[in-house]
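Biologist: I'd like a close look at one part of this protein. Could you take me through the salt bridges and tell me where their partners sit?

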Amino acid sequence: MMKSKTAKWFETKVRYEKTMDDGMQKKVTEQYTVDALSFTEAENSIIEEMSVYISGEFEVTDIKMATYKEVFFSDNEKDDRWFKAKLQFITIDEKTEKEKRTNNYFLVQAATLPQAVRYVEEVMGKTMIDYAIASIAETQIMDVYEHKVEGEKKDDKPEYEAQ
């Protein structure tokens, strides 16, 4: 089942010492996406999220606004990768009667590239929008964190659900 969420997304990078499979410590920089209203809120959010997983010191080395406004979440635990999809929404200019294509970006959670394509088609198939998939590529994003409101349980009201 897919869930779609539109928000103001920020891509953050976190640098920390990670214990590798062989037990060795290695400095790594990982990318995460957070739902926030500002750069400050994005930084606070990623610090709060990562402090649960990282023992020891870490630093937020980069924060930038994401080009996508919408994220397609999967509830399948095998879907552990994130893909950036560039879709072109196709409209007809009423005056010139020419086709106009507008680029829109989405982040899609899936296990494989073909599955990411299927998920995009599943979600977009429920809309009345004419579109073309211009590209879908795997990202370096490790995880996506939604904004948490005190007292609200996670996944309270998804904007869209598909079976």
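Modeller: Sure, and keep in mind that this is a predicted model. Searching the whole structure turns up seven salt bridges, so let's go through some of them, beginning with Lys-3. Its partner is Glu-146, and the closest N and O atoms of the two are 2.9 Å apart. Lys-3 belongs to strand S1 (residues 2-6), while Glu-146 is in the loop between strand S9 (141-145) and strand S10 (160-162), so this pair ties together parts that are 143 residues apart in sequence. Buried or exposed, you may wonder, are Lys-3 and Glu-146? Both are buried. They also have company: Lys-5 and Asp-35 join Lys-3 and Glu-146 in a network of salt bridges.

Now for another pair. Arg-81 and Glu-138 meet through their side chains in a salt bridge, at 2.6 Å from N to O. Here Arg-81 comes from strand S6 and Glu-138 from strand S8 (residues 131-138), so parts 57 residues apart in sequence get tied together. Arg-81 counts as partly exposed because its relative accessibility is 30%. Glu-138 is partly exposed too, with a relative accessible area of 42%.

One more: Glu-99 forms a salt bridge with Arg-101, with 3.0 Å between the closest N and O atoms. Arg-101 is partly exposed, at 41% relative accessible area. While you're there, look at Glu-97, in the loop between strand S6 (81-92) and strand S7 (99-110). Glu-97 has a positive phi of about 60°, although it isn't a glycine. With a relative accessible area of 65%, Glu-97 is exposed.

Methods:
Residues are numbered from 1 along each chain as its sequence is written. This is a predicted model: local features need pLDDT of at least 70, side-chain atom pairs count only at pLDDT 80 or more; totals for chains, interfaces and linings use all residues. Side-chain values use heavy atoms; hydrogens and water are left out. Helices (H or I, at least four residues) and strands (E, at least two) are DSSP runs, numbered from the N terminus. Buried means under 20% relative accessible area, exposed over 50%, partly exposed in between (1.4 Å probe, protein chains only). A salt bridge is a side-chain nitrogen of Lys or Arg within 4 Å of a carboxyl oxygen of Asp or Glu.
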